[in-house]
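Here are my notes on this one, as numbered points. Have the model open while you read.

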Amino acid sequence: MTAEADSPTHPKWDFLYWYDASDPATPKDRYSHSKGNGDEVCSTAGFPDGEPCQVYNIGGATWVMDGGRDYPATKCCKFELPRAHGAILPDWMQRSGAVHTGHKTVNGVASDVWVAQGAYDNNYAQSLDQRLPAGAPVRFWELKKGKLKAWDFITSSFVGGPAAVPQGTFTLPAPCQSARACL
């Protein structure tokens, strides 16, 4: 992740990401940020910049929790609609009128590239490499306040299909069961 606009003191970090759109009407995703992150959702919820943080987007709500891959969770808060960020919809490019801009090499991977107008130009690259699962994401990027925000996916780690998301990945931990509203 690169987020120069949102996190000038910690502009680059790695995170784990899970996504499940097996029910397209209610997609779910989860981010697990380790120490050094500067995620805007975590900081908006009041968690310290650079500290481990987890974000769950499930059923129209967003839960933000301290802790990460190697740190236990102790507190959690919840954003409800309209402040919830929500999981990425499986048809977001179609809904947003994305335009195919061609085939390009992105991060060393032959890719299809699209751009969709949003608050910023949303660019998305999807792998054409037949050695990867169909539709493997390569990169999402935008210029936010003139600064780069990018998700560079590690394509060798991409796993598709029903077995890709371990059981329990979207089960909210105990601190989130009765979470207060995020500030």
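1. In what order do the six strands of the open sheet run, and is the pairing parallel, antiparallel or mixed? The order is β2-β3-β4-β5-β6-β12, and the pairing is mixed. The edges are β2 (15–20) and β12 (180–181), each of which pairs on one side only. For the terms: strands (E, at least two residues) and helices (H or I, at least four) are DSSP runs numbered from the N terminus, and two strands pair if DSSP finds at least two bridges between them.

2. Before going further, a word on what you're looking at. This is a predicted model, with local features needing pLDDT of at least 70 and side-chain atom pairs counting only at pLDDT 80 or more, while totals for chains, interfaces and linings use all residues. Residues are numbered from 1 along each chain as its sequence is written, and side-chain values use heavy atoms, with hydrogens and water left out.

3. Have a look at β3 (residues 28–33) next to β4 (residues 53–58). The two pair in the antiparallel sense over five bridges, and R30 stands opposite Y56 in β4. On β3, S32 is buried at 1% relative accessibility (buried is under 20% relative accessible area, exposed over 50%, partly exposed in between; 1.4 Å probe, protein chains only). The S32 side chain makes a polar contact of 3.3 Å with that of Q54 (a pair of N or O atoms within 3.5 Å; within protein, one must be able to donate a hydrogen and the other to accept it, and residues adjacent in sequence count only if both atoms are side-chain atoms).

4. N57, in β4, deserves a click too. N57 is buried, with a relative accessible area of 2%. Its side chain has a polar contact of 2.6 Å with the side chain of T62 and reaches the backbone nitrogen of G86 at 3.2 Å. Setting aside neighbours within four places in sequence, N57 is in contact (heavy atoms within 4.5 Å) with P27, K28, D29, Y31, T62, H85, G86 and A87.

5. Now the nonpolar cores (buried Ala, Val, Leu, Ile, Met, Phe, Trp, Tyr and Cys residues joined through side-chain atoms within 4.5 Å). The largest has 21 residues, and F15, A45, V55, V64, C77, F79 and W151 have the most contacts inside it. At least two residues of this core come from each of α1 (40–44), β4 and β6 (76–79). A second, separate core of 11 residues includes W18, W63, M65 and L172.

6. Last, F79. Not counting residues up to four places away in sequence, F79 touches ten-odd places worth tracing, including V41, A45, V64, C182 and L183.
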